[in-house]
Amino acid sequence: MRHLIIGSSAAGISAARTIRKLDPAAEITIISKDETIYSRCLLHHFISGARSEDRLAFIPADFMVKKQIDWKKGQEVARVIAAEKLVETKKGEKYSYDKLLIATGSRAFLPPIAGLRQGKQVYTLRDLQDAKKIKEMSKDKQQIAIIGAGLIGIDLATSLKTSANQVAVIELAPHILPLQLDQQAAANYEKLFNLQGIEIYTNNSVNEVILDQHDNVVELVLQDGSSLKTDLILVATGVRTNVSLVDGTGVKIDKGILVDEHQESSSKDIYAAGDVCQSYEVFHGEKSLTPIWPVAVKQGETAAYNMVGLEKRLTDNFASKNSMRFAGLSTISYGLVEPPDNSYQIQVRTERNCYQKVIYKDGIIYGALIQGELENAGVLGKLIKDKIVVNDYLDNIFTLSYADFFAQQEDASFSYKI
């Protein structure tokens, strides 16, 4: 059996490892644009200098050799020829397969801002080459502007702020990290960032990038009419999935490659996993993008089982969770961060260095924010993921432990085992 995997990040490597475990005789080929194996989650630590390049890897150096994987590194796939079970690289080389896994991830999105694409000192962060460019270019820059205050934007801001430069972050939403935090949790971080000298501009956007006669970036003009001097711009305004390689194949695409519970696409023998795929997510109850590392690993493993002919369904595809630590403050969020309407109820606990919030309706918790004290975060996450009714526990929702549920196993009204 010839297994071909496109992509060498979390999903692709997880699939390759699993295939080899299940079928020692299988032929496994990985084609990747990258020439090294590294964790994208750690790139901001490389930029800051906290990690060297050789400490970005998440597999042993001899992984490909020991697992007998034919790694075609430094190659980019141009198209999949599904009718012939072939893929073709941009160099014109063709590779055949019996089963194909697409794990090509996503690429950075550049918004249509005047002057942005022409500016020489404009970068995004998606791969190691981007990180190397940003690290090099930021060395002598005194004024750095970051467009977008999601996780990547904030990672960049905290990695690049030094006593020798100024860092400004511009965010369209009313507060930073709008997908992960509510107003209060974000405000707690914003105060800490201000103390570090990071300037935060929320409820604002960039209207224009001013360039000099040589297309060097000079200034940003903001929506509110103000301007910011800058000599380096980093764009962190979201991503788009890398799906162009399946154009014309009949593979169904929405925001990503649509897959079933086996990670198989609409085209037989073509699977997808990781950021590139759109799968059924249990919290929202619909097919959505699930761009987090642990889910990518599970999806790659699930795809591998089915590729070798062993049926496996991914039934706990829970991606509505985030964890972060900035300026010494840790936060975990699950599900909703704000109630969608007034039919939901909220409980909030605020103490020194601690902010906790739960959102619930009809005895089911639909969202939780735990900042500072993370002791019961795992319990809340489990309750949200499995939609467990907790009417009897709402009075002590912030102090629940797994023991509370074990103690109730004798109760006929509570049959769930954690």
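How many helices and how many strands does the protein chain have? In this predicted model, where local features need pLDDT of at least 70, side-chain atom pairs count only at pLDDT 80 or more, and totals for chains, interfaces and linings use all residues, the protein chain has nine helices and 26 strands. Residues are numbered from 1 along each chain as its sequence is written, and side-chain values use heavy atoms, with hydrogens and water left out. Helices are DSSP runs of H or I with at least four residues, strands are DSSP runs of E with at least two, and both are numbered from the N terminus.

Let us begin with the chain as a whole. The protein chain has a radius of gyration of 23 Å, close to the 22 Å that the globule rule gives for 418 residues, so it is as compact as a globular protein of that length; here the radius is taken over C-alpha atoms, and the globule rule is 2.2 Å times the number of residues to the power 0.38. Along the principal axes, the C-alpha atoms fill a box of roughly 75 × 60 × 35 Å. Of the 418 residues, 51% count as buried, a word that means under 20% relative accessible area, whereas exposed means over 50% and partly exposed lies in between, with a 1.4 Å probe and protein chains only. If we take the contacts with a separation of 6 or more, 59% of them are accounted for by residues 24 or more positions apart, and contact means heavy atoms within 4.5 Å.

From the whole chain we turn to single places, beginning with helix H1 (residues 10-22), where Thr18 is found. Thr18 counts as buried because its relative accessibility is 5%, and, leaving aside its neighbours within four places in sequence, Thr18 is in contact with Glu301, Ala304 and Tyr305. Thr18 and Ile113, by contrast, are 95 residues apart in sequence and 44 Å apart in space, C-alpha to C-alpha.

Another helix to look at is H8 (residues 377-386), whose buried residues are Ala377, Val379, Leu380, Gly381, Leu383 and Ile384. An α-helix has 3.6 residues a turn, so residues three or four places apart point the same way. Just after H8 comes Lys387, which takes a positive phi of about 55°.

Among the strands, Leu234 has its place in S16 (residues 232-235). Is Leu234 buried or exposed? At 0% relative accessibility, Leu234 counts as buried, and, not counting residues up to four places away in sequence, Leu234 touches Tyr123, Ile134, Ile144, Ala145, Ile146, Ile147, Leu156 and Leu160. The C-alpha atoms of Leu234 and Ile5 are separated by 31 Å, and these two residues are 229 residues apart along the chain.

Two hairpins show how strands can be paired, and strands pair if DSSP finds at least two bridges between them. In one of these hairpins, strand S20 (residues 277-281) and S21 pair in the antiparallel sense over four bridges, and Gln278 stands opposite Leu289 in S21. Four residues lie between S20 and S21, and Gly285 in the turn has a positive phi of about 70°. Ser288 belongs to S21 (residues 286-289) and counts as buried, at 16% relative accessibility; apart from its neighbours within four places in sequence, Ser288 is in contact with Cys277, Gln278, Ser279 and Glu281.

The other hairpin is built from S22 (residues 321-326) and S23 (residues 329-335), which run antiparallel and are joined by six bridges. Strand S22 has a covered face, made of Asn322, Met324 and Phe326, and an uncovered one, made of Lys321, Ser323 and Arg325. The bridge partner of Asn322 in S23 is Ser333, and in this hairpin, which has two residues between the strands, Ala327 takes a positive phi near 50°.

Finally, two loop residues can be set side by side. Asn203, in the loop between strand S12 (198-201) and strand S13 (206-211), has a phi near 55°, a positive value in a residue other than glycine. Gln263, in the loop between strand S18 (257-258) and strand S19 (270-272), has a positive phi of about 70° although it is not a glycine. Asn203 is exposed, with a relative accessible area of 53%, whereas Gln263 is buried, with a relative accessible area of 1%.
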